[in-house]
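Good morning, everyone, and thank you for making the time. Please have the sequence and the coordinates open while I talk, since I will be pointing to particular residues as I go.

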Amino acid sequence: MISSVAVRRPFPLVPLLLLSGLLYLNFTSRVVLAPLLPLLEGELGLGHGTVGSFFFFQATGYTIGLLAAGATAWYLSHHGTIVLSAFVLGVSLLTLSWAPSLRWMEACLVLLGIGAGLYLPSGIATIADITAEDQWGRATAIHELAPVVGFITAPLVAEALLRWLSWRGILSVLGIVLLSGGLLYAHWGVGGRHGAEQPRLRTMVTLVTDGALMRIAALFVLAVAVGYGLYTMFPLFLITERGMDRAAANTLVGLSRLVTLPMVFLAGCLADRLHHRRALTLFQATTGSLTILLAVAPRPWLTGAALVLQAGASVCFFPAYYPLVSQLVAPGRRHLAISVVSLAGMLVGGGLTPALIGHLAERWSFSAGILVVGVLTTISPALLWSTIPRDHPPS
């Protein structure tokens, strides 16, 4: 009876769009630094390794936010945690825009990461709360469009705003928009108003010692590294090693992500048809191969083509990944499992990867770092075929 009532619920498009809008701002606040890095290097006299480490400080904060998300959702509810996330992001961006020193900037980036990390578990839980189970696929697809659109628009919007604003001004504007978005969601957001399950140390230990979950976490690390980590360094790579100017590099990086919009939905269809493990094998091998091609491409036109294809392939991982995690853990622990896996992904894939790429660029080249990530991603599907439960045969 309960299940049949849930299925008859209308699809909550407006609440999902509001939630997705906050995720878009959340994501954009983290990646907008990528197109601004050339300006920060020039104005502050920083090296590739130093600006690459900015994303490590972000990822450190993201880890703290994810660790605190369970307790925050238990105390404030998922709705309150989402509002708090927006406010922390807004304040951190405003503070970052006026940071007087490198150490202040690093502290602000940690705070920015904390605000971002608070969101994801509560966002996913809210989707499950406001939609019927047979609507989860469509709802998740709409929600996951937010970071895809953020990838596309962040460099384009940054480049457009640089005609009138400094990089500090851009961060200030984005901070004000996030504070406004948090106020809107506090008033209009629906779902997730009940407290989450209180996090327990024993539950977390059980998750981190689950061999199958840790292998999918390793794949997630590489998926984040190849999609998010490399993206943050692509403008510097194109400027330094492919001879582009800043405007052309940011435009190419942004437009290359247009192909990801249809690819998210295509990946979801393929995941349903091939089943999650087979789909992830295909997606990771393809993304890794295209990343290798991008690293070794000898001509500018081939670099551009490889960048577009690699961008499209890099987003295919996630529609198959979230359902697989849901299969591996009990329903009551899904938000904690997502926190554990996302923690590893953002700290290593999103944080250490840009820093390592930057230091490798100072010692050898950006291409060398991109090549290493591509090779690791190509061979990573071997993790899926050792301990992850077998898929059912396609129907």
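I will begin with the chain as a whole, then turn to the salt bridges, and finish with one pair of helices.

Let me say at the outset that this is a predicted model, and that everything I quote is computed from it. The protein chain has 17 helices and 0 strands, and of its 395 residues, 54% are buried. If we take the contacts in the chain with a separation of 6 or more, 86% of them are accounted for by residues that lie 24 or more positions apart. The chain exposes about 16100 Å², and carbon and sulfur atoms supply 70% of that area.

Now to the salt bridges, of which the count comes to 2. One of them joins Glu 106 and Arg 103, whose closest N and O atoms are 3.0 Å apart. Both residues belong to helix 6, which covers residues 102-130, and they sit 3 residues apart, about one turn of the helix. Are the two partners buried or exposed? Glu 106 has a relative accessible area of 10% and is therefore buried, because the cut-off for that class is under 20%, whereas Arg 103, with a relative accessible area of 58%, is exposed, because that class begins over 50%.

The other salt bridge is formed by Arg 246 with Glu 159, and here the closest N and O atoms are 2.6 Å apart. Arg 246 lies in helix 11, residues 246-256, and Glu 159 in helix 7, residues 136-161, so this pair ties together parts of the chain that are 87 residues apart in sequence. As for accessibility, Arg 246 is partly exposed, with a relative accessible area of 28%, while Glu 159 counts as buried at 13%.

Finally, the pair of helices. In general, the packing of two helices is described by the angle between their axes together with the distance between those axes. For helix 13, residues 276-296, and helix 14, residues 300-314, the axes come within 9 Å and cross at roughly 160°. Angles over 145 degrees count as roughly antiparallel, so that is how helix 13 runs relative to helix 14. The crossing in which helix 13 passes helix 14 is left-handed. Which residues make the contact? On helix 13 they include Thr 286, Leu 290 and Leu 294, and on helix 14 they include Leu 302, Ala 306, Gln 310 and Ala 313.

Terms used
Residues numbered from 1 in each chain as written. Predicted model: local features only at pLDDT ≥ 70, side-chain atom pairs only at ≥ 80, totals over all residues. Heavy atoms only, no water. Salt bridge = Lys/Arg side-chain N within 4 Å of Asp/Glu carboxyl O. Helix = DSSP H or I, 4+ residues; strand = E, 2+ residues; numbered from the N terminus. Buried < 20%, exposed > 50% of the residue type's maximum accessible area, 1.4 Å probe, protein only. Contact = heavy atoms within 4.5 Å. Areas by Shrake-Rupley, 256 points an atom, 1.4 Å probe, with all protein chains shown as cover. Axes fitted to C-alpha atoms, helices over the stretch in contact; angles between N-to-C directions. Parallel < 35°, antiparallel > 145°, perpendicular 65-115°, else oblique. Left-handed = near helix turned anticlockwise from the far one by under 90°.
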